[in-house]
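Student: I would like a close look at one part of this model. Please take the aromatic rings and keep it brisk.

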Amino acid sequence: MINKKSRDEIKRMRHAGHIVALVHQKMKEVVEPGISTKELDNIAMKIIKENRAIPTFLGYAGFPASICTSINEEVVHGIPSEDRILKEGDIIAIDVGATYGGLVGDSAWSYRVGKVSPEVDALMKTTEESLYAGIEQMRPGNVLDDISKAIEAVAVKGGYGIVRQYGGHGVGYEMHEDPFLFNYSVGDNTLIKLNTAIAIEPMLNLGCDDVVVAEDGWTVSTKDGKPSAHFEHTVIATEDGPLITTQLMN
Ligand code: MG
Ligand code: MG
């Protein structure tokens, strides 16, 4: 069941998304060599709470933090820690969720720590590009496969691996709702209906597609140890086109 959002629900989703965007605005400022991922988590939590929202991830299936911090070969679901200190040349994917008025905003962004290698820089640019190619297809009357194909085409053009086991998802009162959205074409002809929301989130790898889950039960890394990038926005298919909720409101 894919739920349509009312006007009021869309308003609250935009508010939740605005708070997520505030966190990312701050992350962009504070991500630098020497900061720990735990410090990033503390900063994010403070912003979410100051804005009277709930950190969606904290306690979700037992997750112990407000954000996921995934460094270099880590793809998603990395756990913030005092012992993980960012260093020059790293990349870090920071995934943020906030619930406001019962509704969720979910957005991930990959950040450069200082200067990164040209090949990693290109991976990040292409992953971001694939996100926006997917968003462009989030229109009523299109099908899910239109989004998947658009993401895949950009990834393939760049020669990157596409993470298969994880993907986008419906979002609303729950962070993960129907449908599941693949980041490569599987021919899913599910219709995108007016005012439905999906978190679109390509994860592209410098090397192969395959990923492994660490012993902590959370951290997902590339099997070949090569870097991975992750970009995500929550998007609603409105009559005026794709509406990104996880951006700053005017
Ligand atoms: Mg997310
Ligand atoms: Mg998500």
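Student: At 26% relative accessibility, does F182 count as buried, partly exposed or exposed, and which rings surround that part?

Tutor: F182 counts as partly exposed, because its relative accessibility is 26%; the cut-off for buried is under 20%, and for exposed over 50%. Keep in mind that this is a predicted model.

Start with the partner. F182 pairs with Y184. The ring centres are 5.5 Å apart. The planes meet at 75°, an edge-to-face arrangement. Y184 has 14% relative accessibility, so Y184 counts as buried. The pair thus joins a partly exposed ring to a buried one.

Now widen the view. F180 belongs here too: ring pairs link F180, F182 and Y184 into a cluster. Y184 also has a charged neighbour. R164 lies over the face of the Y184 ring, at 4.1 Å from the ring centre.

For context, turn to the whole structure. A search finds four aromatic pairs. One of them joins F63 and W218. Their centres lie 4.9 Å apart and their planes stand at 80°, so this pair is edge-to-face. The F63–W218 pair links distant parts of the chain, 155 residues apart. F63 sits in the loop between β1 (54-55) and β2 (67-71). W218 sits in the loop between β11 (211-213) and β12 (220-222). F63 counts as buried, because its relative accessibility is 4%.

Terms used. Residues numbered from 1 in each chain as written. Chains lettered and ligands numbered in written order. Predicted model: local features only at pLDDT ≥ 70, side-chain atom pairs only at ≥ 80, totals over all residues. Heavy atoms only, no water. Phe/Tyr/Trp six-rings, centres within 6.5 Å; stacked < 30°, edge-to-face > 60°. Helix = DSSP H or I, 4+ residues; strand = E, 2+ residues; numbered from the N terminus. Buried < 20%, exposed > 50% of the residue type's maximum accessible area, 1.4 Å probe, protein only. Lys NZ or Arg CZ within 6 Å of the ring centre and 35° of its normal.
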